[in-house]
Every structure is written in C-alpha cells, then in structure tokens.
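Dear colleague,

Please find the structure below, as a sequence together with its coordinates. My findings follow directly after it.

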Amino acid sequence: MLKDEKIVVVRGGGDIASGTINRLHNMGFKVLVLEIEKPNFIRRKVCYGEAIYEKEFELEGVVSKFSTSIEDIKKIWSENKVPVFIDPCMKIISKIKPDILIDAIIAKKNLGMKKDLASLTIGLGPGFEAGKDVHVVIETNRGHNLGRIIKKGRAMENTGIPGVIAGYGKERVVYSSNQGVIKVISDIGTFVEKNEVLAYIDEIPLKAPLTGIVRGMIRDNSFVKQGLKVCDIDPRKEELENCYTISDKARTISGGVVEAIFSFFK
C-alpha cells in the first residue's frame, strides 16, 4: 500500500501546513514544500518555510532546508530532511510527478490547484470544491468538524475571527496601522504588558492590545501593508513553549490529511 516512498508536495510552509509536513515526514514520505519568494510568516518559529530565510530550520526534530534545483531536492531527501523550493506556480510538479499534492497555503481561494496534478490532491480549508478542484478537502475551521474529510462540496467559509484563548479572540491579533517597514521591538517569546510597544512601522508605534506572550511576529524589517496581520499574542503567560511547537489545530488537520491518504491508497 504505502510501503514505497511516495512523494508528497505541500504547497505552503506556514504554521498550519507545517503540522502536516511534520507528520508526513515522520511517516516516511518524501515531502517537498513549495513557497513564494518572500513569505510573511507570523508564527515564524513553527513554519518549515522559514528555511527560505534561515537556509535550515528545525521544528520538533524535523529539519527543512532551502533547495534550488531538483538535484538539490533529492540530496536533501537523502539527508532525511524536508526541501523547501521557491515555486509559487508549481512548475516543478511536471518534473517531480508527486503521488500526492496538498494545497496548504490557506489562501481561502483556489490559486491554481487542479485535481489532475497528482494521483491524490487535497485542499486545506475554504476555496476548493471536493470532486472538482481537488479529490478531497480538509476542514480547517475550529469547532466540531475541524480536520473532517470532505469528499463532496466545500469547507466552511473563513469566519475572520481568531480562535479564542483564555477569553480573548480578535483582541489578541495585531494588524499594521499603516504601510511601511516594520522594526520589531518585542519578538516571539517576549512577555509584554498591555499598551507596551511591540514594533514600529516607519516610526509609528504598534502597541500590545493585551498582556501576554508574543506568540507570533512578522519578520523584522519586512515591508507591510496597512491592515496586514503582523502579531499574535497569547494571554497565557505560562504557555511560552507553545510559541515553538505545532498547534493543536495544525495537528488535528494533519490527522485528516493522513486519513484521506490512507483511504485513497488502501
């Protein structure tokens, strides 16, 4: 069934995608991550796509590594690592010929995904119609159906409301108040008080909406547009380790992906 080393291409190396990347790599799949040239990760410490900036990135014992060619990708696989390749249009698909293709960029719309690009195609979240754009869709909206496999139809539309932590939902997410280059003052893992300066965007201060730990922060010196999500605060100061580990949401979604794969190839 899955005894041979199947190739899985995961489109996107963000925090939700990384839960799936980690699990499939640990199961013995050859996983290739496709990213854009300059991705903006908020939860940077749990994103395998960070290899684009760091060249190598380790998360929960699995290492991703920036790659520049097919030869490079194969070499990284031989090192038991996960290659990350810049290819937003998925041009490498025709050369790699993956068994499984997963769109995990969570764009909330279909950006070029087609059902016939691999033996099994999976879309995470809204924007895909199971049976038309992809073979299956995995529900990514928090709640009773999180991680559910959808074989016909679509996932729930994005609510735009962050998950509630210790009674805080939308209040814990910080958006840029203006356009410019961000200078980070309080990076991931920092404890901040309400109204403390988190960063400056072209000298305009960005303040913490509540007291807690900075769980996510966009990369220092990034150019940001007005209204872009740039920071995420966890009000639970005792949960520092959560800044550096895969979330419950990402793990649950990865479970749905694995179930879909085993059901398809049984």
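**Strand β7 and glutamate 139**

In this predicted model, aspartate 103 stands opposite glycine 123, a residue of strand β7. The strand that pairs with β7 here is β6 (residues 100–103), and the two run parallel, joined by 4 bridges. β7 is also joined to β8, again in parallel, through 3 bridges. In that pairing, leucine 124 stands opposite isoleucine 138 of β8.

β7 spans residues 120–124, and 5 of its 5 residues are buried, so the strand is largely enclosed by the rest of the structure. In a regular strand, side chains alternate between the two faces of the sheet. Both faces of β7 are covered: Leu120, Ile122 and Leu124 are buried on one side, and Thr121 and Gly123 are buried on the other.

I would also draw your attention to glutamate 139, located in the loop between β8 (136–138) and β9 (149–150). Which side chain of opposite charge is nearest to this glutamate? It is that of arginine 148, at 7.3 Å; glutamate 139 is buried yet has no salt bridge, since a salt bridge requires the side-chain nitrogen of Lys or Arg to be within 4 Å of a carboxyl oxygen. A polar atom of the glutamate 139 side chain does, however, lie 2.9 Å from the backbone nitrogen of asparagine 141. Leaving aside neighbours within four places in sequence, the residues in contact with glutamate 139 include Asn145, Leu146, Gly147, Arg148 and Ile150, as well as Ala155, Met156 and Ile253.

Yours sincerely

Conventions:
Residues numbered from 1 in each chain as written. Predicted model: local features only at pLDDT ≥ 70, side-chain atom pairs only at ≥ 80, totals over all residues. Heavy atoms only, no water. Buried < 20%, exposed > 50% of the residue type's maximum accessible area, 1.4 Å probe, protein only. Lys, Arg positive; Asp, Glu negative; His and termini not counted. Polar contact = N/O pair within 3.5 Å; in protein donor to acceptor, adjacent residues only side chain to side chain. Contact = heavy atoms within 4.5 Å. Pairing = 2+ DSSP bridges.
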